[in-house]
Structures are given as C-alpha cells and as structure tokens.
Amino acid sequence: MKISTPTSTTQETQDLLRTATRALIEAGIPDGRREAETLIAHILNRPRLDLYRADALSLDPDQREAFAGLIRRRASREPLQYILGIQEFWGLEFRVTTDTLIPRPETELLIEAVLEQFGRPALPITLVDLCTGTGCLAVTLGTLYPTARILATDRSPAALDVARSNALRHGMAGRIEFLEGDLLEPLASISLHNRIDVMTVNPPYVPAGELDRLQPEVRFHEPRLALNGGCDGLDYYRRILPGALEFLRPGGRLFLEVGIRQAIPVREMAEQSGWRVDQIKKDLQKIDRVVVLKKP
Ligand SMILES: C[S@@+](CC[C@H](N)C(=O)[O-])C[C@H]1O[C@@H](n2cnc3c(N)ncnc32)[C@H](O)[C@@H]1O
C-alpha cells in the first residue's frame, strides 16, 4: 500500500508543516508530524484528516503567526491537550486546563471494572467519584447510569469548576453534585454513611521522589496536587481505605486506580482494613492498574 503524504494542502502549508515537524522532533517529541498536523488543523478549525482530502488549505498571516506560537508552546513540552484544551475519555471530549490532570487511557479501566462488577442496574444507585479532576469518571458514569445519584469531590476549587463545565458540556449539569473538600470529608458533611454503592478513586499516587524524573509535560505542567502521593506514593490509599468503609453499603464496591508496583501493598492495606479483594485488573502494558474491593 502506498503511504500518502498531504496533497491537498498548498506547497506553502506543506513547508510550514515540515518545519514545524522538525522543530517538534528536535524538542524530543517523536510524533512531531502528527502533532504539527493536529495543531495546524486546530488553527484552521478543520478535522486533521482534511489536510489530506480537503481543497487546498492555506493559512493567512494571522493564522501562520498563531500556528508558530502553538508550535513554540509544544516545543517547550507543554502538553498538546493543554494547548488544545481538550482530551478524549471513553469517547467523550473533556475540557482540560492546567488545574486538572489530563485523563489517561488507563483510567478507562475503572469504568470497565464498574461495568463488569456492577452491571447496569435500573435501580437508582449512589455513585461517588473522589478526586474527580476533570470529572471524566463522574460524567462518564453519569452517561452509563442515567438513574444514579452521582457525587464528585475534589480539594481543588479550580478543578471542580472544570468538572462542572464538563458536566454541562455532556448535558449533566443538574445531575452531578460537586463537593469541595479533603477526600472523604465532604461525604461525612452530608451524612452519606452506609449509602454508597460504587466509589471510584484515581488519587495522586506518584512517589514524591519520582516527581522530578517524570517527562517534562507532566513534571512542569500538570498540577502537583494531582500527582504527589507522598514518600512511597501510597499516602492517599492509607487514608481512603479505612475511611471509605463507613460510607459504602454492605456489598458496595470501591474501585481504585494504582501505580506501578502498588497493587500488592494496596491489596494488603485493604485486607487489613476489612475489605474483601474482588479483582485486580491489568492495563494494556500488563501492569496491575485497578484494584476492586468489596465491603463485606
Ligand atoms: C490523579 S488526579 C485524578 C483526576 C481524575 N479523576 C482523573 O482520573 O483524570 C487526582 C485529583 O485529586 C485531587 N486531590 C488531591 N488531593 C486531594 C484531597 N486531599 N482531597 C480531594 N481531592 C484531592 C486533585 O486535585 C486531582 O484533581
């Protein structure tokens, strides 16, 4: 099969793309060509594939300047998602800002685990997403469980504003209760003890000593509050595991995302706190990524 190069852009646009691609690759971004195309398509307000099939596309002087600015930002290793303001999760588009973690594909495993373990009950259930960030888990669960009561919490008011805007974007403005506060504390304040059926949490879990070794996109741009899991990365699990038990109904489930080599210590802590371990799910890299716990 012949691999085509863009033939529908003007020669000038192709030259721009080539220069931009080189700048991104030199900055250490291996997929520079695709990212340059994505940014030019963003400036033109067209789908990227239009570069290959639309009528000759060219940029006016203002657009050229804007494109050069975006390439400079990306070459300084600002994440593409922050530049575009968007990340896809479970097939839905979520607004992202520097106040929120960029949702990761492996976090979709939490949604898969909820569906596998809990099915789609027609009964109104109560779902809580702790540490909601963009609200990607809460909003996605809202689309999958249309009769559920859904609550989402975060300590960052700025992240909660983004989560609220994502709920609005997906027609769920009135359906999700957003609560600001430290971990489980907002749930205690509205007396949710023994009333939650499903709790999802993707907490900060990067060990503090590893933060400065992360790739520049994460290290310099994503919020530390969303990353730093303390000395060994397990601080949040130490607090969530004993605390969450009193909020789940008997038989209710807690779905935790964990980092590399954290599933075993989290499992041990969970058992010591009185949880039953239901399942540990691996991600595509075969890393134990989701721990599913059941309240006896
Ligand atoms: C790893 S991010 C997860 C965001 C989102 N759930 C996702 O999966 O993309 C962790 C989130 O926890 C929030 N957070 C950090 N410490 C917290 C605390 N003590 N109480 C509540 N939320 C906290 C951060 O603001 C951040 O939004």
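Modeller: Let's start with a word we'll need a lot: a residue is called buried when its relative accessible area is under 20%. And keep in mind that this is a predicted model.

Biologist: Okay. Which residues of α7 are buried, then?

Modeller: Here they are: C136, L137, A138, V139, T140, L141, G142 and L144. The helix itself covers residues 136-144.

Biologist: And what makes you say that α7 is largely enclosed by the rest of the structure?

Modeller: Eight of the nine residues of α7 are buried, so "largely enclosed" is a fair description.

Biologist: Why is A148 called buried?

Modeller: Its relative accessibility is 7%, and the cut-off is under 20%, so A148 counts as buried. You'll find A148 in the loop between α7 and β4. Leaving out residues up to four places away in sequence, A148 touches I125, L127 and R175. As for T10, it sits 138 residues away along the chain, and the two C-alpha atoms are separated by 51 Å.

Biologist: Now S191. Why does S191 count as partly exposed?

Modeller: Buried would need under 20% and exposed would need over 50%. S191 comes out at 43% relative accessibility, so it counts as partly exposed. This residue belongs to the loop between α9 and β6. It also has a positive phi, about 50°, although it isn't a glycine.

Biologist: Why does K286 count as exposed?

Modeller: K286 has 65% relative accessibility, and exposed means over 50%, so that label fits. K286 is in the loop between β8 and β9. Its phi is positive too, near 70°, in a residue other than glycine.

Biologist: What follows α6, and what is its phi?

Modeller: That's G119, with a positive phi near 65°. Within α6, the buried residues are L109, L110, I111, A113, V114 and F118. They pack against several elements, including α7, β6 and β9.

Biologist: What makes a group of residues a nonpolar core?

Modeller: They have to be buried residues of certain kinds, such as Leu or Met, joined through side-chain atoms within 4.5 Å. The largest one here has 32 residues, and L187, M199, L241 and L254 have the most contacts inside it. Its largest share, five residues, comes from α11. There's a second, separate core of 31 residues, with F118, L137, A163 and V198 among its members.

Biologist: Which residues does L187 touch?

Modeller: Ignoring residues up to four places away in sequence, L187 touches V128, L130, T153, L179, L192, I196, M199 and F247.

Biologist: Let's turn to the ligand. How do you know that D154 makes a polar contact with it?

Modeller: A polar contact is a pair of N or O atoms within 3.5 Å. An N or O atom in the side chain of D154 is 2.7 Å from an oxygen atom of the ligand, so the pair qualifies. For L183, a polar backbone atom is 2.8 Å from a ligand nitrogen, so that pair passes as well. R155 has a backbone N or O atom 3.1 Å from a nitrogen of the ligand, again within the limit.

Biologist: How much of the ligand does the protein cover?

Modeller: On its own the ligand has 590 Å² of accessible area, and the protein covers 98% of that. There are 19 residues around the ligand, and D154, D182, L183, N202 and Y236 come nearest. By type, the shell divides into ten nonpolar, six polar and three charged residues.

Key. Residues numbered from 1 in each chain as written. Predicted model: local features only at pLDDT ≥ 70, side-chain atom pairs only at ≥ 80, totals over all residues. Heavy atoms only, no water. Near = heavy atom within 4 Å. Polar contact = N/O pair within 3.5 Å; in protein donor to acceptor, adjacent residues only side chain to side chain. Areas by Shrake-Rupley, 256 points an atom, 1.4 Å probe, with all protein chains shown as cover. Nonpolar A, V, L, I, M, F, W, Y, C, P; charged D, E, K, R; others polar. Buried < 20%, exposed > 50% of the residue type's maximum accessible area, 1.4 Å probe, protein only. Helix = DSSP H or I, 4+ residues; strand = E, 2+ residues; numbered from the N terminus. Contact = heavy atoms within 4.5 Å.
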